[in-house]
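Colleague: Got a minute? I'd like to go through this model with you and hear what stands behind each label.

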Amino acid sequence: MGNDSELLTVRDLTVKLATDGGSLEVLSRVGFDVPRGKVVGLMGESGSGKSITALSIVRLLPEIGSAIRSGTVMFDGVDLTKLSERELEKIRGKQIGFVFQDPLASLNPVYRVGSQIVEAIRLHEHIPAKAARVRAIELLRRVGVPQPEERVDAYPHELSGGLRQRVMIAVAIACSPALVIADEPTSALDMVTQRQIVLLFRDLVRTQGMSLLIIAHDPALLAELSDELVVMYAGQVVEHGPAKRVLEKPAHPYTMALLRSVLPADFGAVVQPRSLLPVVEGHPPDLRRVPLGCRFQPRCDSAFDDCATRKPHLMKLPLDQGEARCLLLGDKESSP
Amino acid sequence: MSGDSERPSQPPTDPPPSDGKDRSERPSDFPQDRPSEWPAGIASIRPSALQSEAQKAGDGEEPVSRLPAGSRTRPLLVVERLSKVFPVHQGLFGSPQFLHAVEDVSFYLRRSETLGIVGESGSGKSTLARAVLRLTEPTFGRVLFDDRDITRMAPAELRPLRRRMQIIFQDPSAALNPRMTVRELVGEGLSIFRMAKDAAELDALIEKSLGLVGLGPETMGRFPHELSGGMKQRVGIARALALKPELLVCDEPLSALDVSVQAQIMNLLVRLQRDLGLSLLFISHDLRVIAHTSHRVAVMFLGRFVEMGPTTKVAQKRYHPYTRALFDAVPKMGPDARTRLPIVTDLAADTPSAIDPPKGCVYAMRCPSAEKGKCDVETPLLAEVVPGSHHRVACWHPEV
């Protein structure tokens, strides 16, 4: 790994945040790859560190109190953790685009959507305003906004949630970035709109050749997009691998539990209506008091004695099917 | 229909209704109530037919014809031709336009039953829920709660009924006052309705209601910000349950939560309904959630019900093109998840506006099988495709 086929390589990323109760390690040696032209899905519960991971990649964490303690983020051959703020600004928005969960919070309410796209373009490219506006209309058309010539002059509040998210995507892809990071891009949207956004992303990846790192808590949504999946729990990667393998043959008990709690799409064929669903009981651990051994052990159905005391490592799965962090996979070297 | 056997069923009896009026014989039209701006030619389903269906049969089982008021087998909630129209002012001198958030909606909800309402954002689901509870005043139509018309009831008269109908909201962080402790939040309604005679009994009731949602007494002194999203939603449910309601309206109670927490809360609501015999009006945009929790399902589009029927029947056969689009939009985990092709409706990014809604069928603009001169002119009625199936659709060309 780490060769030319990878656009983004994150290794051993450890991040601490300052809180009232002292410094809190929110990411512990997180590592994964985003290959060129592929979609990587980042899955896990809230608080598992998905969003922090996304923000750390381009160092968008709050300046004060947070720090990347160790690790490297190689993007197209450059270690982003070593760059100055000025150098990073040239990469954000130009080579790496962002889509956040709530487009209403990300778009400026007092500017027309067109001028916000124009701003994104002219920040990185020296082209006349008129040409940028033409491009903004083209971008709106590209992301499926109907009547882009009129909508370019709309304010964010005049658009529906789905259209606003399309505008956000237009801003993100304005400079044809190599990578787009989308943090829960559809969680605020209804199912029909969700499906439309999924199809749009799929089309953009296919036609623009861009890579996508998508964060979501709904495994079914990630299943529709991802080539690779990374599962996070309590600030650690607990499993990763080809999406098909992770979804069909999860290796980590947490992944298994998470997938079991997804309602089937075939309506009543598998699960009896109004029956009780298998759920992961309990809550993720308080990061101030992570369990000594495996972090998932207190909630794990298949935990045995060793799990409480021995820290599992990421174990390679056979046939290049990724890795999982579980003692049940025969982790012999893990330290007590 | 496994759930039906769990409902308390009473022997079928047929005494005359106690109020002496047979609601099924009411005229189906109320021209005197119709505002002058109302577009002419609104077709309607006959609420009288729905009424008698609710009283006669439980989706083909349980014949429970016209029982006396207050009987367990009479529907708890009957909604007749409910509409909610908001005036929208555009500019200083422009004449007001009207946003038809809910348009001519009729349904019933039996005791211990869950009716799921599914639709995309902006379809009027939440407005409908609020109008049913009179949290917003309906423009037209009426709501019968336990056989009493609450639509025109004076506030003082409505107040005791308010206790019996509660609501839980989508965003538990926004619904809970951040300055109140869990004890105060859950106890607020109990104090308002004077349901405890002293502080000790109040605490006991709060504790009991927290216990119902799986929270221990140690949470009583905590503030909302100290709780996780799932726990906050549990507090919201405990707050509603403390008042021993009969009707619980759940307005997107899961959308702000993680998939794993969603499953926990869904289990909780299913169990509570079973144990307490609650009637639930369950609103969600996620068809998976509705299909799992609801005995019957209603599909809403642009303020109208376009399809309604027992969940098992709708899951097997979707008559309305919009219902089919909704089913298709559900993310599938199967091996072909990544290659599943879009259907026509996936590509329509625009929803027709509820301000000045289109003439004819509300869905005609997006519908792949819309017929010019018919679908864009006449509004289809919500009617049974197969008589007696209680599976209704409002479509000129239902896929049979």
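Colleague: How many salt bridges does the rule find across the interface of chain B and chain A?

Modeller: Two. Keep in mind that this is a predicted model.

Colleague: What makes the pair Arg288(B) and Asp218(A) a salt bridge?

Modeller: The closest N and O atoms of Arg288(B) and Asp218(A) are 3.0 Å apart. The cut-off is 4 Å between a side-chain nitrogen of Lys or Arg and a carboxyl oxygen of Asp or Glu, so the pair qualifies. Polar contacts get their own count, which is five residue pairs between chain B and chain A, both residues at pLDDT 80 or more.

Colleague: Which helices of chain B supply residues to the side that touches chain A?

Modeller: H8 (259-276), H9 (287-293) and H11 (321-329) of chain B each give at least two. H8(B) has the largest share, with eleven residues. By type, that side of chain B splits into 23 nonpolar, 16 polar and 14 charged residues.

Colleague: And what is the area buried between chain B and chain A?

Modeller: About 4400 Å², with carbon and sulfur atoms giving 56% of it. Arg288(B) turns up again here: together with Met333(B) and Arg338(B), it supplies 17% of the area that chain B buries against chain A, more than any other three residues. In terms of contacts, 53 residues of chain B meet 50 residues of chain A.

Colleague: Why is His217(A) called buried?

Modeller: Its relative accessibility is 13%, and buried means under 20%, so His217(A) makes the cut. You'll find His217(A) in the loop between strand S8 (211-216) and helix H9 (219-223) of chain A.

Colleague: What does the side chain of His217(A) reach at 3.4 Å?

Modeller: The backbone oxygen of Leu257(B). A polar contact asks for N or O atoms within 3.5 Å, and 3.4 Å fits that distance limit. Beyond its sequence neighbours, His217(A) is in contact with residues of both chains, including Gly44(A), Glu184(A), Asp258(B) and Gln262(B).

Colleague: How do you know that Thr14(A) is buried?

Modeller: Same style of check: Thr14(A) has 7% relative accessibility, set against the limit of under 20%. Thr14(A) belongs to strand S1 (residues 6-19) of chain A. A polar atom of the Thr14(A) side chain lies 3.1 Å from the backbone nitrogen of Arg29(A). Thr14(A) and Arg69(A) are 55 residues apart along the chain, yet their C-alpha atoms are separated by 5.4 Å.

Colleague: What makes strand S10 (residues 304-310) of chain B largely enclosed?

Modeller: Seven of its seven residues are buried, so the rest of the structure largely encloses S10(B). S10(B) pairs with strand S9 (residues 296-301) of chain B in the antiparallel sense over six bridges, with Met300(B) opposite Phe305(B). Two residues sit between S9(B) and S10(B) in the hairpin, and Leu302(B) in that turn has a positive phi of about 50°. S10(B) also runs antiparallel to strand S12 (residues 392-393) of chain B, joined by two bridges; there Met308(B) is partnered with Arg392(B).

Colleague: Last one: why do strands S6 (96-99) and S11 (315-316) of chain A stand at the edges?

Modeller: The open sheet has eight strands in the order S6-S7-S8-S3-S9-S10-S12-S11 (chain A), with mixed pairing. S6(A) and S11(A) each have a single partner strand, so one side of each is left without a neighbour in the sheet. Further in, strands S3 (residues 39-43) and S9 (residues 228-233) of chain A pair in the parallel sense over four bridges, and Val40(A) has Glu228(A) as its bridge partner.

Terms used: Residues numbered from 1 in each chain as written. Chains lettered and ligands numbered in written order. Predicted model: local features only at pLDDT ≥ 70, side-chain atom pairs only at ≥ 80, totals over all residues. Heavy atoms only, no water. Pairing = 2+ DSSP bridges. Buried < 20%, exposed > 50% of the residue type's maximum accessible area, 1.4 Å probe, protein only. Polar contact = N/O pair within 3.5 Å; in protein donor to acceptor, adjacent residues only side chain to side chain. Contact = heavy atoms within 4.5 Å. Buried area = accessible area lost by both parts, 1.4 Å probe. Nonpolar A, V, L, I, M, F, W, Y, C, P; charged D, E, K, R; others polar. Lists of a residue's contacts leave out its neighbours within four places in sequence.
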